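Visitor: I'd like to learn how to read a structure like this one. Could you walk me through it, feature by feature?

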Amino acid sequence: MLLQPAWYRISEMTNSDIETVVVGGGAAGIAAARRLSQARINCLIVEARPRLGGRAWTVPDRSGFALDLGCGWLHSADRNPWVAVAEEQRRTIDRTPPPWTQPALPHGFPEAAQREFRKSQEEFFARVSERAQKEPDVPAADALAPGSRWNNLINAVGTYISGAELERVSARDFDNFDDTGVNWRVVEGYGATIAACGASLPVALDCPVQRIDYSGKRLKIETAQGVITADQVIVTLPSTVLAETEELFLPSLPEKTQAAQSLPLGLTDKLFLSLEGAEEFEKDSRLFGATDRTATATYHLRPFGRPQIEVFFGGQLAAGLELDGERAFFDFAVSELTGRLGNAFANRVKPIHIHRWGTDPFSRGSYSYALPGMADCRSKLAAPVDDRLFFAGEACSPGDFSTAHGGWLTGVTAANQVIAARTIMRDRRNPSRNKAT
Ligand SMILES: Cc1cc2nc3c(=O)[nH]c(=O)nc-3n(C[C@H](O)[C@H](O)[C@H](O)COP(=O)(O)OP(=O)(O)OC[C@H]3O[C@@H](n4cnc5c(N)ncnc54)[C@H](O)[C@@H]3O)c2cc1C
């Protein structure tokens with residue numbers, strides 16, 4: 001059963017004086033507020049959208065299948081805290097190995113060529129690791145083997161991993177990503193699981209935060225629904241939103257703006273297609289649209305065995321298609337699919353759903369990467385200010401960035417920092433509590 005959140009309108013609240021305000025109700029904000037609530041701290045999530053979850057978003061299709069438009073994979077599932085949450089909610093965890101760990105379909109990509117590609121990709125990853133240990137930090141693309149026929153495809157996979165071409169991505173940050181290689185899914189939706197986790201928390205929806213004024217004794221959080229006062233705030237905004245909203249803090253926090261600008265959100269978008277005659281393909285199989293260019297999509301056929309294709313677009317390809325509108329994603333996918341599977345295949349697929357994360361004003365991208373030389377900006381973004389402003393969100397994570405569990409972990413860390421700060425605050429107000437008796 002999914003509970004409705006304890007939904008507040010700031011203008012109707014009898015007391016808009018809160019101990020800790022959590023800005024943003026995605027994975028990080030929900031994890032932070034859950035931890036604060038466990039510690040009996042009076043908190044409120046203030047979320048711009050009319051729903052919880054942020055970049056975690058499940059929508060049903062016409063057949064009732066849960067489509068994850070944002071996060072879908074429980075990466076590092078053997079240590080991912082969302083697994084326990086999904087189990088608490090009695091969700092169905094699917095442990096089928098992900099398609100990228102299996103050989104792709106051989107159409108246009110014979111198995112011998114795939115073996116060569118995989119070897120080349122492993123060697124690339126090893127060179128990135130080696131390069132990451134040296135000064136100065138360089139673009140991950142510097143680890144490509146000059147002249148290799150697989151560079152474009154390795155770069156395409158880079159756009160799925162980082163949402164950006166390897167030329168733009170820090171080798172050190174790319175290498176810092178910490179993944180156990182265990183990847184599961186939630187049949188009812190990862191996004192639904194995350195949103196339901198926030199269901200019993202106090203939240204103001206449809207309530208963009210416009211300014212956080214920390215010039216006075218108490219924080220003033222100015223929102224579209226009115227002003228809230230608070231002792232502490234945990235800011236979980238996507239790095240792009242922080243980077244582009246310099247006026248968010250009063251006084252301004254240029255070091256946060258710069259750190260956020262160094263950790264832009266890369267772009268990936270998912271298009272869901274219905275597929276007639278799906279049984280022709282193996283459940284959870286995969287096809288590359290092309291192997292000789294970076295601007296290509298990857299096609300996950302029959303996800304969960306459903307008669308569908310989940311198409312994944314990354315980097316500049318996704319950015320260009322976003323500008324051309326939703327139909328452009330479908331047209332591109334059909335042109336690649338027919339190139340691989342024959343012209344008649346066009347009659348077997350229909351668009352079901354897509355969300356353009358780059359033009360979404362409350363995310364402005366999909367997940368963070370670090371620009372070359374900027375890997376240390378993750379800790380700069382995460383550092384508290386003045387023991388009153390705390391920061392969380394996937395971009396703050398040193399090794400689990402770009403993921404929903406990275407969001408969770410940073411949210412809990414920020415909440416624990418608030419708890420520690422409140423203990424010091426309380427002890428200062430009541431020094432006698434500290435004295436040995
Ligand atoms: C297409 C796609 C595929 C992905 N696949 C995976 C995957 O398979 N596995 C995985 O682990 N991760 C994946 N991710 C990444 C994952 O979804 C994110 O890393 C994670 O959800 C981020 O959580 P967060 O809390 O840090 O940020 P968000 O979810 O972005 O939360 C921030 C919140 O702040 C809100 N907000 C913005 N502006 C304001 C404002 N002014 N005032 C108040 N609130 C505001 C936003 O609406 C949002 O709810 C994917 C993402 C995308 C887009």
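**Reading the model, step by step**

Guide: Let's start with one residue: at 3% relative accessibility, E336 counts as buried. Keep in mind that this is a predicted model.

Visitor: Which side chain does E336 meet in a salt bridge?

Guide: That would be R293, with an N to O distance of 2.5 Å. The pair links distant parts of the chain, 43 residues apart: R293 sits in the loop between β16 and β17, while E336 belongs to helix α10 (residues 326-341). R293 counts as partly exposed, because its relative accessibility is 34% and the buried class stops under 20%.

Visitor: How many salt bridges does the count come to?

Guide: The count comes to 25 salt bridges. Take R422 and E19, whose side chains meet at 3.3 Å, N to O. R422 is in helix α12 (residues 404-429) and E19 is in strand β2 (residues 17-23), 403 residues apart. R422 is buried, with a relative accessible area of 14%, whereas E19 is partly exposed at 25%.

Visitor: Which residues are linked with R422 and E19 in a network of salt bridges?

Guide: D17, R218 and D231 are linked with E19 and R422 in that network.

Visitor: Where do E244 and R364 lie?

Guide: E244 lies in helix α7 (residues 239-244) and R364 in the loop between β19 and β20, so the pair ties together parts that are 120 residues apart in sequence. Their side chains meet in a salt bridge of 2.8 Å, N to O. R364 counts as partly exposed, at 28% relative accessibility.

Visitor: That loop between β19 and β20 caught my eye. Is D360, in the same stretch, buried or exposed?

Guide: D360 counts as buried, because its relative accessibility is 5% and buried means under 20%. It lies in the loop between β19 and β20 (367-368).

Visitor: What does the side chain of D360 reach?

Guide: The side chain of D360 reaches the backbone nitrogen of F362 at 2.9 Å. A polar contact of 2.8 Å also joins the side chains of D360 and R49. If you leave aside neighbours within four places in sequence, D360 is in contact with R49 and H355.

Visitor: Now for sheets. How do strands of a sheet pair?

Guide: The general idea is that strands of a sheet pair through backbone hydrogen bonds, and they can do so parallel or antiparallel. In this model, one open sheet has five strands with antiparallel pairing, in the order β16-β17-β18-β15-β19. Its edge strands, β16 (285-288) and β19 (349-354), each pair on one side only. Neighbouring strands of this sheet are turned by 25 degrees against each other on average, ignoring direction.

Visitor: How many bridges are there between β17 and β18?

Guide: Four bridges, in the antiparallel sense, pair β17 (residues 298-301) with β18 (residues 308-314). To find your place on screen, look for L301, which stands opposite I309 in β18.

Visitor: Which helix lies across β15 and β18?

Guide: Helix α9 (residues 315-324) lies across β15 (268-275) and β18, and runs at about 105 degrees to β18.

Visitor: What about parallel pairing? Which strand pairs with β10 in the parallel sense?

Guide: Strand β13 (residues 249-250) does, over two bridges. β10 (residues 209-213) is also joined to β11 (residues 219-223) by four bridges, and those two run antiparallel. β10 and β11 form a hairpin with five residues between them.

Visitor: Is there a residue I can follow into both pairings?

Guide: Try I212. It stands opposite I221 in β11, and in β13 the bridge partner of I212 is F249.

Visitor: Last topic, the cysteines. How many disulfides does the count come to?

Guide: The count comes to zero disulfides.

Visitor: Why is there no bond between C71 and C197?

Guide: The reason is distance: a disulfide needs two cysteine sulfur atoms within 2.5 Å. The sulfur of C71 is 12 Å from the closest cysteine sulfur, in C197, so a bond is out of reach. C396 tells a similar story, because its closest cysteine sulfur, in C377, is 11 Å away and too far for a bond. C396 itself is buried, with a relative accessible area of 7%.

How values were computed: Residues are numbered from 1 along each chain as its sequence is written. This is a predicted model: local features need pLDDT of at least 70, side-chain atom pairs count only at pLDDT 80 or more; totals for chains, interfaces and linings use all residues. Side-chain values use heavy atoms; hydrogens and water are left out. Two strands pair if DSSP finds at least two bridges between them. Axes are lines fitted to C-alpha atoms, for helices over the stretch in contact, and angles run from 0 to 180 degrees between N-to-C directions. Contact means heavy atoms within 4.5 Å. Buried means under 20% relative accessible area, exposed over 50%, partly exposed in between (1.4 Å probe, protein chains only). A polar contact is a pair of N or O atoms within 3.5 Å; within protein, one must be able to donate a hydrogen and the other to accept it, and residues adjacent in sequence count only if both atoms are side-chain atoms. A salt bridge is a side-chain nitrogen of Lys or Arg within 4 Å of a carboxyl oxygen of Asp or Glu.
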